[in-house]
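Visitor: I am new to this structure. Please pick one part and take me through it closely.

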Amino acid sequence: MGTASHLLLMALFAGCVAVVGGALLKDTPRQQARTAAEIFGSLVGAALVLGWVLYFLPL
Amino acid sequence: MAARPSSKRPVRAAAPATPASPAARPLVLVYLLGWLIPGGGHLWLGRTVRGVVFLVMLPAMFVIGLALDGRLFPFTPGEPLVALAALANVGSGLPYLIAQALGFGAGRVLSVTYEYGNAFLITAGLLNALVIIDAHDIALGRR
């Protein structure tokens, strides 16, 4: 795992959580896939937005 | 005089008929199996596809967490945040017990992926707790 990038690990984490979340929250495969995609997109999108916001903050 | 209906809620009687008739499953065993084997409660209740998803994904997250040098936190008195992380780790069930028995999960703080590993390990346990709650709802016929 030494060569894995932060972005890849974040996407992997988001993917795992999205699959489990989709399976938990919905009942039909179509709904589960849609919910998983929404969770994945939300997690990755929020991380990217927060990353850029923090980039401009003088911390 | 007609008999009055019982004031007790017939929760179990309202369970829908499924192939495995979840209403017949003792809840304690559903919890125990669901904790020990992620997705095991769902498999036992006849929710095969969902159970297999959990059975694959949650141990996979746990193994990835270990591979990323994550730590299985000990129950340390006086450190509530560490205790909460330890509790989340225990939620993974059998993978946690096996890792503890084999001496995995020491964690490498200097590793770049240490925090990622912790995130995977802790989240796997917490998600398994949600999976057990879902199995509880299925066993009561709410889903």
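What percentage of the 59 residues in chain A do buried residues make up? And please look closely at helix 1 (residues 6–25) of chain A.

Guide: This is a predicted model, in which local features need pLDDT of at least 70, side-chain atom pairs count only at pLDDT 80 or more, and totals for chains, interfaces and linings use all residues. Residues are numbered from 1 along each chain as its sequence is written, while chains are lettered from A and ligands numbered from 1 in the order in which they are written.

Your question first. Buried residues make up 22% of the 59 residues in chain A. A residue is buried with 20 or more other C-beta atoms within 10 Å of its own, exposed with 12 or fewer, and partly exposed in between; C-beta atoms are placed from the backbone. In chain B, 43% of the 143 residues count as buried.

Now the setting. Chain A has two helices and zero strands. Helices (H or I, at least four residues) and strands (E, at least two) are DSSP runs, numbered from the N terminus. The radius of gyration of chain A is 14 Å, well over the 10 Å that the globule rule gives for 59 residues, so chain A is more spread out than a compact globule. That radius is taken over C-alpha atoms, and the rule is 2.2 Å times the number of residues to the power 0.38. Along the principal axes, the C-alpha atoms of chain A fill a box of roughly 45 × 25 × 10 Å. Chain B has six helices and zero strands.

Start with the partner inside chain A. The axes of helix 1 and helix 2 (residues 29–56) of chain A come within 8 Å and cross at roughly 145 degrees. Axes are lines fitted to C-alpha atoms, for helices over the stretch in contact, and angles run from 0 to 180 degrees between N-to-C directions. Helix 1 of chain A passes helix 2 of chain A in a right-handed crossing. Right-handed means that the near helix is turned clockwise from the far one by less than a right angle; left-handed means anticlockwise. Among the helix 1 residues that meet helix 2 of chain A are A:M10, A:A14, A:A18 and A:G22. On the helix 2 side, the residues include A:A36, A:I39, A:F40 and A:L43. To be in contact, two residues need C-beta atoms, placed from the backbone, within 7 Å. By class, this contact of helix 1 with helix 2 of chain A has 15 nonpolar, five polar and no charged residues. Ala, Val, Leu, Ile, Met, Phe, Trp, Tyr, Cys and Pro count as nonpolar, Asp, Glu, Lys and Arg as charged, and the others, Gly among them, as polar.

Next, chain B. Ten residues of chain A are in contact with 17 residues of chain B. The side of chain A that touches chain B has ten nonpolar, no polar and no charged residues.

Take helix 3 of chain B. Helix 1 of chain A packs with helix 3 of chain B at an angle of about 155 degrees, their axes 10 Å apart. The two helices are therefore roughly antiparallel. The cut-offs are over 145 degrees for roughly antiparallel, under 35 for roughly parallel, 65 to 115 for roughly perpendicular, and oblique for the rest. Here the crossing is left-handed. A:C16, A:V19, A:V20 and A:A23 meet residues of helix 3 of chain B, including B:V53, B:F54 and B:M61. By class, this contact has nine nonpolar, no polar and one charged residues.

Pause at B:M57, which sits in helix 3 of chain B. B:M57 counts as buried because it has 22 C-beta neighbours inside 10 Å. Leaving aside its neighbours within four places in sequence, B:M57 is in contact with A:C16, A:V19 and A:V20.

Last, helix 6 (114–139) of chain B. Its axis and that of helix 1 of chain A come within 11 Å and cross at roughly 0 degrees. That makes the two helices roughly parallel. A:L9, A:F13, A:V17, A:V20 and A:L24 meet residues of helix 6 of chain B, among them B:Y116, B:F120, B:L127 and B:D134. This contact has eleven nonpolar, one polar and one charged residues. Helix 6 of chain B has another neighbour: the buried residues of helix 1 of chain B pack against helix 2 (40–44) and helix 6 of chain B. Those buried residues are B:V30, B:L33, B:G34 and B:W35.
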